[in-house]
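Trainee: I would like to go through this chain step by step. Please show it first, and then I will ask.

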Amino acid sequence: MNFSSINGTSTVTWNQRDTFTTAVTKNVIVTALCISINYINGTLVHTFRKHQIFNSNPRYILFIHLVINDMMQLFLSTLLHIISYALYTISVPFCLILLIITILTTLNTPLNLAGMAVECYIAICIPLRHGQICTIKKTCILIGLIWVASAFSILPDLFILLATEPLQFFHSSVLCARDYVFRSPYSLKKRDASHIVCLVLVWLTLVYTYFRILFAAKEATADIRKARNTILLHGFQLLLCMLTYVRPMFEEGLLYLLPNQLLDIRFACYVIVQILPRFVSPIVYGLRDQTFRTYVKRHLLCKVSIRNHPETVTMSNMRPTLKLQ
């Protein structure tokens with residue numbers, strides 16, 4: 001297996017491949033994690049679609065967009081992982097399609113978290129205008145802008161690729177990884193710059209909304225405490241997202257300490273960086289939100305009883321607000 005240096009100036013090659021048993025074991029682990037997490041996320045999406053209390057609330061709309069985005073990202077990254085073992089190389093056009101969608105969904109996550117933090121800030125700090133600012137239409141526009149912003153981040157890489165690579169490259173097969181396809185030094189510099197700008201803006205948004213909510217009242221009410229905890233969890237999610245950007249440096253550091261453990265290091269980093277963050281979203285809302293938890297438990301366990309069906313919950317317990325524990 002080859003490993004390309006991220007600095008764009010040198011390339012180090014290891015002719016290492018996992019044994020058949022090890023390769024099967026790793027792919028079974030990854031596939032099992034993907035199916036398990038996406039089953040939970042799929043249950044959240046199903047719950048959202050079935051009940052208007054959720055699909056008419058901008059906060060839940062942003063959340064479910066994050067969940068669907070995570071499902072796409074996890075499925076595609078798992079597919080690429082399996083392809084790297086089963087086929088090793090694939091045609092460049094097909095690889096480009098998979099890579100661009102995967103990168104888009106990866107970039108969407110921090111932007112979506114920033115949008116959710118702003119919505120939470122508006123609900124707590126300016127509640128009288130929340131209904132005017134946070135409408136379903138404006139929420140859908142925000143989701144569209146998130147995709148557009150992510151597209152503007154990856155499209156320059158595609159244009160650089162078309163301008164710098166010979167025609168034969170697009171008829172060849174490559175190991176489908178970003179550093180093997182978008183390998184121009186310009187792409188590497190642009191990617192680092194865009195990541196820094198994106199993360200700085202998102203962090204500033206989270207810090208600003210957290211402290212505004214923190215000082216929203218002299219005495220912290222239960223709702224404000226829960227809102228602060230939610231912003232902190234958004235920050236934790238963002239930290240996990242940042243692992244994607246520091247992964248190359250992290251791998252190089254571990255390889256310096258453990259030069260003979262390349263394959264194990266890459267697999268461990270893949271699980272931590274690509275799979276673990278996808279598990280956080282169901283916990284933040286699917287388990288912490290009291291209203292969502294009432295509905296999800298029955299769908300998740302496939303046990304719905306007439307007497308305890310969530311539709312029988314009184315309207316007073318079905319207000320379209322998050323009830324975080």
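Trainee: What percentage of the 325 residues of the chain count as buried?
Mentor: This is a predicted model, and totals for the chain use all residues. A residue counts as buried under 20% relative accessible area. Of the 325 residues, the share that passes this test is 46%.

Trainee: How many helices and how many strands does the secondary structure come to?
Mentor: Both kinds of element are present in the chain. The count comes to twelve helices and four strands.

Trainee: Which element gives the most residues to the largest nonpolar core?
Mentor: The largest nonpolar core has 55 residues. Elements giving two or more residues to this core include α1 (20–50), α3 (58–86), α4 (92–125) and α6 (136–164). With 15 residues, the one that gives the most is α4.

Trainee: Which residues is Leu161 in contact with, leaving aside its neighbours within four places in sequence?
Mentor: Leu161 is listed with Val181 and Phe182 as having the most contacts inside the largest core. Both of those residues also appear among the contacts of Leu161 itself. The full set is Leu96, Phe169, Phe170, Val181 and Phe182.

Trainee: How many residues does the other core have?
Mentor: This core lies apart from the largest one. Among its members are Val30, Ile37, Leu74 and Ile275. Its number of residues is seven.

Trainee: Does Asn108 count as buried or exposed, and why?
Mentor: Asn108 lies in helix α4. Leaving out residues up to four places away in sequence, Asn108 touches Asn69, Ile146, Trp147 and Ser150. Its relative accessibility is 0%, so Asn108 counts as buried.

Trainee: Does Ile196 count as buried or exposed, and why?
Mentor: Ile196 is found in helix α8. Together with Val197, Val200, Leu201 and Leu204, Ile196 makes a nonpolar surface patch of about 480 Å². The cut-off for exposed is over 50%. Because its relative accessibility is 53%, Ile196 counts as exposed.

Trainee: What distance does helix α10 reach from its first C-alpha to its last?
Mentor: Helix α10 covers residues 262–275, which is 14 residues. Its buried residues include Leu262, Phe267 and Ile275. At 1.5 Å a residue, the expected span is 20 Å, and the model comes close to that with 19 Å.

Trainee: What share of the accessible surface belongs to carbon and sulfur atoms?
Mentor: The accessible surface of the chain comes to about 16,900 Å². The part that belongs to carbon and sulfur atoms is 69%.

Notes
Residues are numbered from 1 along each chain as its sequence is written. This is a predicted model: local features need pLDDT of at least 70, side-chain atom pairs count only at pLDDT 80 or more; totals for chains, interfaces and linings use all residues. Side-chain values use heavy atoms; hydrogens and water are left out. A nonpolar core is a set of buried Ala, Val, Leu, Ile, Met, Phe, Trp, Tyr and Cys residues joined through side-chain atoms within 4.5 Å. Buried means under 20% relative accessible area, exposed over 50%, partly exposed in between (1.4 Å probe, protein chains only). Contact means heavy atoms within 4.5 Å. The expected span of a helix is 1.5 Å times one less than its number of residues. Patches are made of residues with over 30% relative accessible area and no salt bridge: like charges are joined within 9 Å, nonpolar side chains (Val, Leu, Ile, Met, Phe, Trp, Tyr) within 5 Å. Accessible areas come from the Shrake-Rupley method with a 1.4 Å probe; for residues, only the protein chains shown count as cover. A salt bridge is a side-chain nitrogen of Lys or Arg within 4 Å of a carboxyl oxygen of Asp or Glu.
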